[in-house]
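Visitor: I would like to learn how to read a fold and a ligand site from a model. Where should I begin?

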Amino acid sequence: MSRRRLIAGNWKMNKTPQETAAFVEDFAPRVASFFEIEVLLIPPYTSLEPASRQLVGTSIALGAQDLHSEPSGAYTGAISAQMLAACGCRYVLVGHSERRHVFGDDDATVRRKLGSALDGRLLPILCIGETIDERRGGATPEILTRQLTVGLDGLDAGAMKSIVVAYEPVWAIGTGETATPEQAQEAIAGIRAWLSGRFDEPTAGRARILYGGSVKPGNAAELMRLPDVDGVLVGGASLDPEAFAAIAQAGRSVVESE
Ligand code: PGA
């Protein structure tokens, strides 16, 4: 099993292009020799193009936070996969909890966006997760199954080579309340088992599945040591170069200790 750990920083609606430049200048040297893991920055749209120029010559990848499901047309305010790829993006988030709950992206929309990302040769990171009420009601497996079933509808095992899944319990995002290692492992092992049933065992064994929700330098290593957790999707703590580099370092030490 050789799933390369992915340490992704989702900045949400934070940082101007100037602030992005200052971050990259500070952050890039800190992770310059981290070849064992993959580090990904996901700034807002307006920072993508300048960041991609600044990241040339580093091993840091670039991604976007969302995209539109259509390749072009009369969709005021929207951004297509092709535009993102042309700005140097390799990855794109689809179905992030804030897209689902603040902007109303439903599972069918998420599936269309994921298809558009694949068509545009981007690697989608499909984000799924339950709310606190769903967890309390014992509905977590059912919710994750629905989000996976619709989110990956109609795809074959080959497509999974280009897709990352991120398990982000809604109640853990931006709340400071991280899932316990047991909760994270249980949910992510469940996702892998689902992928095995839906596709096949080798496909499930190869798929990278991240944990997200209040990941910090202090809990990143513990989470990444879990057998099924292949990296982290970090919000708040990725805004600070020192903290995000410490999280990447945690991923690297976990790989080195294996
Ligand atoms: P957080 O956000 O790390 O601030 O909880 C995670 C995310 O939204 O991806």
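Guide: We take the sheet, then a helix, then the ligand. Keep in mind that this is a predicted model.

Visitor: How many strands close into the barrel, and in what order?

Guide: To read a barrel, follow the pairing from strand to strand. Here eight strands close the ring in the order E1-E2-E3-E4-E5-E6-E7-E8, and the pairing is parallel. On average, neighbouring strands of this sheet are turned by 25 degrees against each other, direction ignored.

Visitor: Which strand is joined to E1 by four bridges?

Guide: Look at the pairing of E1, residues 6-10, with E8, residues 231-234: the two run parallel and four bridges join them. Within this pair, Ala 8 stands opposite Leu 233 of E8.

Visitor: Which strands does helix H5 touch?

Guide: For a helix on a sheet, check its contacts and then its direction. H5 (residues 107-119) packs on the sheet and touches E4 (91-94) and E5 (123-128). The direction of H5 makes about 160 degrees with that of E5.

Visitor: Which residues are closest to the ligand?

Guide: Start with the shell. The ligand is surrounded by 13 residues, the closest being Lys 12, His 96, Glu 168, Gly 174 and Ser 214. By class, the shell has four nonpolar, seven polar and two charged residues.

Visitor: Which backbone atoms lie 2.8 Å from a ligand oxygen?

Guide: Polar backbone atoms of Gly 235 and Gly 236 do. At Gly 174, a polar backbone atom is 2.6 Å from an oxygen atom of the ligand. As for cover, the ligand on its own has 280 Å² of accessible area, and the protein covers 95% of that.

How values were computed
Residues numbered from 1 in each chain as written. Predicted model: local features only at pLDDT ≥ 70, side-chain atom pairs only at ≥ 80, totals over all residues. Heavy atoms only, no water. Pairing = 2+ DSSP bridges. Axes fitted to C-alpha atoms, helices over the stretch in contact; angles between N-to-C directions. Contact = heavy atoms within 4.5 Å. Near = heavy atom within 4 Å. Polar contact = N/O pair within 3.5 Å; in protein donor to acceptor, adjacent residues only side chain to side chain. Areas by Shrake-Rupley, 256 points an atom, 1.4 Å probe, with all protein chains shown as cover. Nonpolar A, V, L, I, M, F, W, Y, C, P; charged D, E, K, R; others polar.
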